[in-house]
Amino acid sequence: MHDVNWVALSIFVLLFAFITWLGFAAARWRKGDLDQLHEWGLGGRRFGTLITWFLVGGDLYTAYTFVAVPALAFGAGAVAFFAVPYTIVVYPLLFLVFPRLWQVCHKHGYITAGDFVRGRYGNRWLALAITVTGIVATMPYIALQLVGLQVVLGGLGVSGSGLAADLPLIIAFLILAAFTYSSGLRAPASIAIVKDILIYITAFAAVIVIPMQLGGFGKIFAAVPPAKVLLAVPGAGTTGAYGAYATLALGSALALLLYPHSLTAILSASSGKAVRRNAALLPGYSFMLGLLALVGFFAIAAGVSKLPEFAEGFKQFGNNYAVPALFLHSFPSWFVGVSFAAIGIGALVPAAIMSIAAANLYTRNIHCEFINRNPTPKEEAQLAKWVSLVVKVGALVFILFVPTKYAIYLQLLGGIWIIQTLPAVVFGAYTRWFNDWALLVGWAVGTYAGTAMAVAQDLKPAYPLKLGGFLLPGYTAFYTLLLNLAIAVVLTLVFNAMRAKRVDETVASDYYA
Amino acid sequence: MNTAVEKRGERWSWWYLLFLVQWAAVLWPPFYNSAEPTWLGMPFFYWYQLAWVLGSAVITAFVYLVTQR
């Protein structure tokens with residue numbers, strides 16, 4: 001690897017030191033009793049429109065996104081742009097569904113999707129299924145945040161052998177673990193503001209400065225192999241790349257809001273109105289994500305993969321090294337420090353929220369449901385703090401000892417798993433028509449089928465579905481969600497005909513302001 | 001705060017159907033999978049979808065405002 005870039009490294013360390021201080025100081029921000037789970041784990045539900053915007057944006061647009069989406073454009077071309085329709089589809093869902101969920105969760109003191117499902121359907125096993133799915137889908141996602149961090153540390157020239165090679169990553173994660181433990185959700189909420197400002201500066205610098213250096217967009221796209229610029233036009237009898245692109249966008253959008261960290265960030269808003277306003281304001285991030293996807297093409301045009309100084313990095317990190325290499329190639333050292341800090345801090349914010357979300361789930365829906373039914377509020381909050389540590393150490397160990405590609409595979413599977421909770425959570429926000437056992441069977445079949453289909457395709461996201469002579473390649477998560485829904489509907493009709501009993505501790509008016 | 005106003009924002013509104021416009025616009029690739037016309041050298045495929053990010057923000061803001069009143 002090339003030498004240590006001292007200027008960039010100093011700026012990077014300085015910015016990291018600043019957010020470390022901020023993370024600890026956040027405990028005193030909008031002060032609440034951190035011995036209560038809703039204070040530690042939801043910031044006391046006191047974040048207004050603006051802070052929620054930073055928090056949700058900092059949460060959904062992770063460091064991994066900023067590294068992986070351009071890397072996909074760099075490697076595979078146009079298909080990477082699915083991230084744009086994906087974010088266009090997602091915000092109306094946020095607008096329609098989540099203010100209702102916010103209301104009912106506020107009214108009943110629910111902190112997790114598991115809490116909501118437990119109350120809505122009165123079925124602890126369905127709630128357990130939702131909870132376990134949430135935790136299992138989140139774990140590899142946390143591990144992936146470390147990949148983003150690893151790539152920029154590699155780009156800074158920080159290297160060594162054995163433990164020394166991993167030391168910077170371990171230090172960054174210890175910092176993360178410590179301020180999450182002490183400040184709860186307030187830490188990522190305050191750091192998200194810094195992170196987002198840095199990311200915006202980086203994104204705009206990248207799409208203005210680099211195209212100027214490369215001679216404009218016309219020249220950049222001329223340098224990209226034609227097959228990568230557009231989607232392949234499907235042949236007869238198949239929806240081809242079009243179907244895959246659209247279902248990937250739609251399925252990812254449906255899955256995104258079901259992740260525990262999404263709900264945690266959304267529930268920390270101070271009102272349903274703040275959530276709705278955010279649905280209109282969050283496309284600001286989508287635009288930036290679209291711009292960043294283009295950065296993958298800039299990297300092709302700049303020819304960074306052929307430059308000898310980056311050969312080592314590409315060998316170690318693959319296409320994920322495209323963005324760091326391009327920034328090193330195009331920016332002065334001090335700005336490399338800023339942009340890498342943006343990505344590095346961008347890893348810590350979602351990792352903190354994810355670990356809090358997983359800790360809330362475990363504490364509320366496994367420990368308090370099955371192990372100790374009557375903890376004091378203080379015991380409950382203390383347990384969640386410890387679980388958030390365990391979750392992060394688990395992710396760290398995973399990334400240090402297991403090849404990165406398994407974290408990526410597991411995250412792909414995580415999308416397929418988490419989408420299976422949609423009928424219970426999203427439809428549950430609108431109707432109590434579904435039978436809880438029908439939902440549980442639908443979830444189980446969807447999860448099993450999705451896993452089997454993904455494994456049969458060597459963990460590629462698209463599954464070539466054959467239907468009456470037509471070939472319909474599409475996102476496995478989307479197809480298995482349809483299967484899940486069909487089963488839930490049919491079994492609900494059957495159980496309702498058998499006059500199954502129906503429990504619901506919420507009433508219709510709980511869902512309005 | 002006027003609770004009647006708050007309530008209206010959370011019931012069903014026909015304005016919500018406007019969201020279907022942005023979904024259809026970006027989930028049907030035949031609409032935009034072409035290189036021409038380019039804009040600032042950017043193929044249609046890219047600037048069309050980026051433009052819809054702005055379009056979706058405008059639609060969502062509009063729906064927010066009309067359902068809020």
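These questions and answers walk through a predicted model with chains A and B.

Colleague: How many helices and strands does chain B have, and what pattern does chain B follow along the sequence?
Modeller: Chain B has three helices and zero strands. Read from start to end, its pattern is α-α-α.

Colleague: What share of the residues of chain B count as buried?
Modeller: A residue is buried if 20 or more other C-beta atoms lie within 10 Å of its own. Chain B has 69 residues. Of these, the buried share is 29%.

Colleague: Which helix gives the most to the side of chain B that touches chain A?
Modeller: The contact takes 33 residues from chain B and 36 residues from chain A. On the chain B side, helix H1 (3-8), helix H2 (19-27) and helix H3 (44-68) each supply at least two residues. With twelve residues, the one that gives the most is H3(B).

Colleague: How many nonpolar, polar and charged residues are on that side of chain B?
Modeller: Take the side of chain B that touches chain A. Sorted by class, it has 21 nonpolar, nine polar and three charged residues.

Colleague: Which peptide bond is cis, and where is Pro37(B)?
Modeller: The cis bond runs from Glu36(B) to Pro37(B), with omega near -5°. Pro37(B) sits in the loop between H2 and H3 of chain B.

Colleague: Is Leu40(B) buried or exposed?
Modeller: Leu40(B) is in the loop between H2 and H3 of chain B. It has a positive phi of about 55°, although it is not a glycine. A residue is exposed if 12 or fewer other C-beta atoms lie within 10 Å. Leu40(B) has 9 such neighbours, so it counts as exposed.

Colleague: Now chain A. Is Asp458(A) buried or exposed?
Modeller: Asp458(A) lies in the loop between helix H22 (436-456) and strand E1 (462-467) of chain A. Its phi is positive, about 55°, although Asp458(A) is not a glycine. It has 7 other C-beta atoms within 10 Å, so it is exposed.

Colleague: Are H7(A) and H18(A) roughly parallel or roughly antiparallel to each other?
Modeller: Helix H7 (residues 124-155) and helix H18 (residues 333-371) of chain A pack with their axes 8 Å apart. The angle is about 160°. Angles over 145 degrees count as roughly antiparallel. H7(A) and H18(A) are therefore roughly antiparallel.

Colleague: What is the handedness of that crossing, and how many nonpolar residues has the contact?
Modeller: The crossing of H7(A) and H18(A) is left-handed. Their contact has ten polar and two charged residues. The nonpolar count is 19.

Colleague: What should helix H12 of chain A span?
Modeller: H12(A) covers residues 240-256, which is 17 residues. The rule is 1.5 Å times one less than the number of residues. The end C-alpha atoms are 24 Å apart, which agrees with the expected span of 24 Å.

Colleague: How many residues of H12(A) are buried?
Modeller: H12(A) is largely enclosed by the rest of the structure. That follows because the buried residues number 15 of the 17.

Colleague: Which residues does Phe98(A) touch, beyond those up to four places away in sequence?
Modeller: Phe98(A) is in helix H5 (residues 83-108) of chain A. It has 24 C-beta neighbours inside 10 Å, so it counts as buried. The residues it touches are Leu257(A), Ile266(A) and Val275(A).

Colleague: Is Arg276(A) buried or exposed?
Modeller: Arg276(A) lies in helix H14 (residues 272-281) of chain A. It has 25 C-beta neighbours inside 10 Å, so it counts as buried.

How values were computed. Residues are numbered from 1 along each chain as its sequence is written. Chains are lettered from A and ligands numbered from 1 in the order in which they are written. This is a predicted model: local features need pLDDT of at least 70, side-chain atom pairs count only at pLDDT 80 or more; totals for chains, interfaces and linings use all residues. Helices (H or I, at least four residues) and strands (E, at least two) are DSSP runs, numbered from the N terminus. Two residues are in contact if their C-beta atoms, placed from the backbone, lie within 7 Å. Ala, Val, Leu, Ile, Met, Phe, Trp, Tyr, Cys and Pro count as nonpolar, Asp, Glu, Lys and Arg as charged, and the others, Gly among them, as polar. Axes are lines fitted to C-alpha atoms, for helices over the stretch in contact, and angles run from 0 to 180 degrees between N-to-C directions. Angles under 35 degrees count as roughly parallel, over 145 as roughly antiparallel, 65 to 115 as roughly perpendicular and the rest as oblique. A crossing is left-handed if the near helix is turned anticlockwise from the far one by less than a right angle, and right-handed if clockwise.
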